[in-house]
Each structure stands twice: as C-alpha cells, then as structure tokens.
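Dear colleague,

I am handing over the structure we spoke about, with the sequence alongside, and my notes on what was found in it follow below.

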Amino acid sequence: MKKITELTEISYRTVESKDADGKRRLNKKEYTRNRPVQSVLPGPRFGHFIIDMLAFQIVIYFVDYIFNLLLNAANFSITFSLSIGLVNYIVTLLLYPTLYAFCEYKWQRTPGKYLTRTVVIDEYGNKPGARTIVLRSLLRIVPFEPFSCLGNDPGSHGWHDRWSETWVVKETELAEIKRLQEEQI
C-alpha cells in the first residue's frame, strides 16, 4: 500500500508553442504529479482546539471537584493537604494529553473533530497506532505548539502532526485517499 504522500493524480498545465505561422498557441498538457494531502485548514483546526478545550475543562473540573471533596472530607494536616494539591496539579496536567490520546485512539477523533467530521490518520491513511497517538498527544504540551497549525497552506499541519507523521483530514478526503490507494497498488 502506498503512503498518502506518494499518491499521484493527473493534472494539466498550459504550455506555449508556436504554430507554422509563428503565432503563439497555448495548449493543455497532461502530466502526473504527486497528489497533495488535503489537511484541514487552520479555521476548523482552531475550532477543534476551542471545542476540545471546553470539553476537557468539564472533565478537569470534575476531577478537581473529586480531589477537593477528598481533601475536605478527611481532616489531614496541612503538609498532607499540600501533597494532595500537588498530586491534583500533576493529574490535571497529565489529563490533557491522556484525554486526547484516549479519544483519538478509541474513535480517531476528539469532540471537536467529531463535530467537523474530520479524523486523524497515519501516513498510510489508517487509524494511527497507540504509540503514535501517545506521541502525538504528548507533543501537544510543547510551548506555542497550537500556533503551528495556523499556516495558510491547505497541506500544512501542526508540529504534533508533522513530528508524529499524522494528518487531520475530512472524512471525504479519507474516502478519496482510500480510493486512490486501491487504484494505485
């Protein structure tokens, strides 16, 4: 099976030639080129980010609420309370990539991607493996990483995609990729 970056398509370009009278003629010439992967544009990606943050904040709120209940229910010393607070902070910090990893491994999408009908795929157009998803999720912690998704190029994708060799594409694009892979075996 071909990688999605190795798929080809027939395209046309305009070439200039002169006829017998020396007049300039423009003709279409057919050629084969590598087909660019149509990654999701920055606007929908920003929407994914906002929707996912809202969904994850709700989950984090409940986890924080449970920690506070445990802390208030037991009358612990202040030192122990500070330890529980530190554990709560670490759990909350790790919950962010864990929720991304869980959603993308289980369903190939997060709540934001579900609403925009997009999915995460690997370099062969398949569901990424657990290792790739965990790497992709951990890479989201890199400072300024969300800004890497703001390029204008339709084929651009963020650092967490580039470094984990994954793409976020619309379901229709995935169907087209699968069709081309079957044709170009």
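Read along the sequence, the protein chain runs in the order β-β-α-α-α-β-α-α-β-α, which comes to six helices and four strands. Please keep in mind throughout that this is a predicted model, and that every value below was computed from it.

On overall dimensions, the C-alpha atoms of the protein chain fill a box of roughly 100 × 30 × 25 Å when the principal axes are used. The radius of gyration is 24 Å, whereas a compact globule of 185 residues would have one near 16 Å. Of the 185 residues, 33% count as buried, and the accessible surface comes to about 12,000 Å², with 62% of that area belonging to carbon and sulfur atoms. If one takes the contacts between residues at least 6 apart in sequence, 66% of them join residues that are at least 24 apart. As for charge, the chain has 24 positive and 20 negative charges, and the mean positions of these two groups are 2 Å apart.

Turning to the interior, it is worth recalling that in soluble globular proteins nonpolar side chains tend to be buried together. Here the largest nonpolar core has ten residues, namely Ile4, Leu7, Val37, Val119, Ile121, Trp167, Val169, Leu174, Ile177 and Leu180. At least two residues of this core are supplied by each of strand 3 (118-121), strand 4 (167-170) and helix 6 (171-183), and helix 6 gives the largest share, with three residues. Apart from this core lies another, of seven residues, which include Met53, Ile60, Tyr96 and Leu99.

Val119, a member of the ten-residue core, may be a useful place to start when you look at the model. If its neighbours within four places in sequence are left aside, Val119 is in contact with Gln108, Arg109, Trp167, Val168, Val169, Glu171 and Leu174, and of these, Trp167, Val169 and Leu174 are themselves listed in the core.

Finally, there is Pro146, which sits in the loop between helix 4 (130-139) and helix 5 (159-164). Is Pro146 buried or exposed? Pro146 has a relative accessibility of 33%, and because the partly exposed class covers values between 20% and 50%, Pro146 counts as partly exposed. Although Arg45 and Pro146 are 101 residues apart along the chain, their C-alpha atoms are separated by 9.3 Å.

With best wishes

Note on methods: Residues are numbered from 1 along each chain as its sequence is written. This is a predicted model: local features need pLDDT of at least 70, side-chain atom pairs count only at pLDDT 80 or more; totals for chains, interfaces and linings use all residues. Side-chain values use heavy atoms; hydrogens and water are left out. Buried means under 20% relative accessible area, exposed over 50%, partly exposed in between (1.4 Å probe, protein chains only). The radius of gyration is taken over C-alpha atoms; the globule rule is 2.2 Å times the number of residues to the power 0.38. Contact means heavy atoms within 4.5 Å. Accessible areas come from the Shrake-Rupley method with a 1.4 Å probe; for residues, only the protein chains shown count as cover. Lys and Arg count as positive and Asp and Glu as negative; His and the chain ends are not counted. The place of a charge is taken as NZ of Lys, CZ of Arg, CG of Asp or CD of Glu. A nonpolar core is a set of buried Ala, Val, Leu, Ile, Met, Phe, Trp, Tyr and Cys residues joined through side-chain atoms within 4.5 Å.
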